[in-house]
Amino acid sequence: MNTRETSAQATFNGVRKPLRALLVEDSQIDAELLARALERGGFDLTWARIDTAEDMEQALRKQMWDLILCDHAMPRFSAPEALELLKRNKLDVPFIIVSGYIEEETAVGAMKAGAHDYIMKDRLARLVPAVERELRDAEVRRARAKSEEALRRAHEELELRVEQRTADLKAANLKLENVIEERKRLENELLEIAENERRRIGFDLHDDLGQKLTGMALMMKGLERKLENGGHACVEEAHRIHSLMEDIIHHTHNLARQFSSLDVKGDDLSTVLKGLAINVKKLFEITCSFAAQGAAPELPQHTMVQLYKIAQEAVSNAIKHGKATQVSIGLVNQAGHLVMTIKNDGVPFSEPSGKSTRMGLRIMHYRANTIGAMLEVKALGKSGTMVSCTLADKNSSKANNHSPEVAEKRVIAESHHELETAAHGKARRRE
């Protein structure tokens with residue numbers, strides 16, 4: 001391999017542009033003519049001449065080249081072989097064929113194979129403009145390749161960040177699901193404790209207080225007879241006391257049945273709510289009606305039980321706290337939602353100040369939460385209160401478009417610790 005280096009000084013007002021050129025040429029004279037033409041074109045040239053594949057392989061490994069000028073046909077090498085060698089090394093270097101004679105078809109074939117241009121040796125005036133053009137194009141290609149590489153790295157980094165973020169979201173979602181499941185477990189435990197407490201109170205009222213009151217009533221009846229036989233002036237007063245005790249016993253038995261009778265009897269929600277209205281009217285001797293609009297959907301047993309107990313608690317609160325004399329229970333199924341309402345004419349509901357201590361109201365909310373329903377309690381003007389419980393039909397597309405996502409919102413809104421403390425406190429008192 002013959003090598004010649006030139007470091008020319010500025011020939012005009014500007015500075016010569018450095019150029020490293022590899023001349024694939026079997027003629028030293030022709031190589032020097034090409035080098036001189038490039039220098040006259042304003043390049044500060046560093047060049048080397050080679051004429052075999054081995055020399056070219058070595059030259060490409062030795063340093064980077066800005067330009068390759070290659071004769072088409074040489075005794076031991078050729079332009080097509082040089083192009084193939086350049087491709088194997090995966091180098092993007094302007095490759096211009098400079099030949100004394102080349103057929104047009106051959107030149108076109110070389111261009112298709114990867115040559116950037118071809119120039120006849122007797123027309124070297126085209127050399128410098130062609131070199132300048134190809135150098136500019138090579139710079140553009142390198143800039144594009146650099147941008148594409150930067151874009152690829154940015155895309156990979158973005159994908160990595162997305163994967164990390166997705167993993168974080170999955171972990172957070174799993175944690176939230178665990179919290180929801182734990183909350184549901186605690187709510188179910190609290191509801192079970194509350195029902196056991198109601199049943200225990202009912203049994204205590206019936207077996208303990210009821211029997212004692214019955215014994216006192218019998219004693220009072222005996223006292224009344226003694227006073228009557230003795231012609232005592234307090235006979236009438238004793239009779240009134242005995243009647244009052246019988247009323248108390250009757251009321252106690254009604255309460256006992258209400259507290260201990262927690263089983264839902266019926267195949268559908270309309271039936272069990274109608275039965276509730278009948279029982280309320282019989283036990284408390286007030287007006288209680290039931291009306292349904294639209295056929296009630298088939299509900300899981302757990303869902304029906306919770307809706308029934310919400311209605312039962314709402315009616316009980318209306319009578320005990322609201323002093324209601326009229327209660328109406330309604331059930332409407334439309335637009336993909338099942339809405340149960342309990343209205344009364346008693347004292348209007350008032351929002352609790354600060355943290356609510358109304359266990360009955362909180363238990364109703366817990367019941368609604370376990371079945372994915374939304375509970376609302378509001379006053380009806382100056383007289384009366386309405387409790388509404390809305391349950392979305394999961395099989396309805398209309399309901400899905402307006403789903404309240406009750407469970408998730410309530411997980412954020414209320415305290416997990418408060419539930420756990422209440423549940424375990426109740427459990428200890430039960431034990």
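Start on helix α2 of this predicted model. Select Glu54, Arg61 and Lys62: these residues are exposed, on the other side of α2 from its buried residues.

Now turn the helix over. Select Asp55, Met56, Ala59 and Leu60 within α2, residues 53-62; these four are buried. They sit on the same side of α2 because they cover an arc of only 130° around the axis. What do the buried residues of α2 pack against? Show β2 (17-24), β3 (43-50), β4 (67-70) and α3 (79-88); those are the partners.

Step back to threonine 52. Threonine 52 is in the loop between β3 and α2. Buried or exposed? Its relative accessibility is 8%, so threonine 52 counts as buried, the cut-off being under 20%. Draw a distance from its side chain to the backbone nitrogen of aspartate 55: 3.1 Å. Then add Arg76 and Phe77, which threonine 52 also touches.

Next, the nonpolar cores. Nonpolar side chains tend to be buried together in soluble globular proteins. Select Met340 and Ile342. Of the 37 residues in the largest nonpolar core, these two touch the most other members. Colour the elements that each supply at least two residues of this core: α7 (269-284), α8 (301-320), β8 (326-334), β9 (337-344), α9 (359-370), β10 (374-379) and β11 (385-392). Which gives the most? That is α8, with 9 residues.

Zoom in on methionine 340. Among the residues it touches, beyond four places away in sequence, are Leu273, Leu307, Ile310, Ala311, Leu331, Val387 and Cys389.

Last stop: select Ala79, Ala82, Leu83 and Leu86. They belong to a second, separate core of 25 residues.

How values were computed. Residues numbered from 1 in each chain as written. Predicted model: local features only at pLDDT ≥ 70, side-chain atom pairs only at ≥ 80, totals over all residues. Heavy atoms only, no water. Buried < 20%, exposed > 50% of the residue type's maximum accessible area, 1.4 Å probe, protein only. Arc of directions from axis to C-beta. Contact = heavy atoms within 4.5 Å. Core = buried A, V, L, I, M, F, W, Y, C linked by side-chain atoms within 4.5 Å. Polar contact = N/O pair within 3.5 Å; in protein donor to acceptor, adjacent residues only side chain to side chain.
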